Amino acid sequence: MAAEDIIAFLNAHAEARVALVSHARPDGDALGSSVGLACALRGLGRRAWVVNPLPFPGYLGFLAAPDMVVRHGEADWWRGYDVLGVLDCGEAGRLDETNRQ
C-alpha cells in the first residue's frame, strides 16, 4: 500500500483505534518503528498503540512508553481495535501466532 493510500485511509477513519504490531520476537528496528509510528499518529491526534505479546527486551525498555505499549495474551486481542498496522514484516508467517488470526 502506498503512503498516500495509508494517509487517505487514516484521514477517513480519524476516530479509529490503531494497533501496531510487528514480527514474532521483535528486534530493535521492529519495536522502534512501531513506537515511532505510534508517536507520529498520536501527534496527529490519532489513537494508536504498540501491541506485543511479550514485554520489550531489557535493552529496549526505554522504548516502552507505559501509555503506548500494550501486552496481549488472548487470541482475540485485536477485537479492541479498528485498524491493524503491521510493520517490519514481509510475510504473515513471520507474525506471532496470535497476530495472524
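**A four-stranded parallel sheet and its surroundings**

Arg25 lies in the loop between β1 and α2. In this predicted model, Arg25 has a relative accessibility of 72% and therefore counts as exposed, since the cut-off for that class is over 50%. The backbone of Arg25 is also notable for its phi, which is near 50°, a positive value in a residue other than glycine. Most residues other than glycine have a negative phi. Asp88, in the segment after β4, likewise has a positive phi, near 55°. With a relative accessible area of 32%, Asp88 is classed as partly exposed, because this value falls between the limits of 20% and 50%.

The strands form an open sheet of four members in the order β3-β2-β1-β4, and their pairing is parallel. β3 (69-71) and β4 (83-86) occupy the edges; each has a single partner strand, so one side of each is left without a neighbour in the sheet. From one strand to the next, the twist averages 35°. At one edge, β2 and β3 run parallel and are joined by three bridges. Within this pair, Val51 has Val70 of β3 as its bridge partner. The helix α2 packs on the sheet, where it touches β1 and β2, and its direction makes about 165° with that of β2.

At the other edge of the sheet, β1 and β4 pair in the parallel sense over four bridges. Val18 is bridged here to Val83 of β4. The two faces of β4 differ in their surroundings: Val83 and Gly85 belong to a covered face, whereas Leu84 and Val86 belong to an uncovered one. In a regular strand the side chains alternate between the two faces of the sheet.

The largest nonpolar core contains 17 residues, and Val18 and Phe56 are those with the most contacts inside it. Two or more residues are given to this core by each of the elements β1 (17-21), α2 (28-43) and β2 (47-52). The largest share, four residues, comes from α2. Another core lies apart from this one; it has six residues, among them Ala19, Val21, Tyr81 and Leu95.

The contacts of Val18 and Tyr81 show which parts of the chain meet around these residues. When residues up to four places away in sequence are not counted, Val18 touches Leu10, Leu41, Arg47, Ala48, Trp49, Tyr81 and Val83. Tyr81 itself lies in the loop between β3 and β4. On the same basis of counting, Tyr81 touches Arg17, Val18, Ala19, Trp49, Val51 and Val70. Among these contacts of Tyr81 are thus Val51 and Val70, the residues named above as bridge partners in the pairing of β2 with β3. Tyr81 and Gly45 are 36 residues apart along the chain, and their C-alpha atoms are separated by 16 Å.

The largest pocket has a volume of about 260 Å³. Its lining consists of 13 residues, of which Ile6, Leu10, Val83, Leu84 and Gly85 lie nearest the centre of the pocket. At least two lining residues are supplied by each of α1 (3-12), β1, α2 and β4. β4 provides the largest share of the lining, four residues. Two residues already described therefore recur at this site: Val83, the bridge partner of Val18, and Gly85, which shares the covered face of β4 with Val83, are both listed among the residues nearest the pocket centre.

Two further loop residues may be described by their accessibility and by their distances to other positions. Ala14 is found in the loop between α1 and β1. Its relative accessibility is 32%, so Ala14 counts as partly exposed. Between Ala14 and Asp29, which are 15 residues apart in sequence, the C-alpha to C-alpha distance is 27 Å. Gly58 has its place in the loop between β2 and β3. Gly58 is exposed because its relative accessible area, 75%, is over 50%. The C-alpha atoms of Gly58 and Leu44 are separated by 29 Å, and these two residues are 14 residues apart along the chain.

Definitions and conventions. Residues numbered from 1 in each chain as written. Predicted model: local features only at pLDDT ≥ 70, side-chain atom pairs only at ≥ 80, totals over all residues. Heavy atoms only, no water. Core = buried A, V, L, I, M, F, W, Y, C linked by side-chain atoms within 4.5 Å. Buried < 20%, exposed > 50% of the residue type's maximum accessible area, 1.4 Å probe, protein only. Contact = heavy atoms within 4.5 Å. Pairing = 2+ DSSP bridges. Axes fitted to C-alpha atoms, helices over the stretch in contact; angles between N-to-C directions. 1 Å grid on protein atoms, 1.4 Å probe; cavity = no way out; pocket = protein on both sides within 12 Å on 5 of 7 lines; lining within 4 Å. Points joined across faces, edges and corners; volume = space filled by probe spheres on them.
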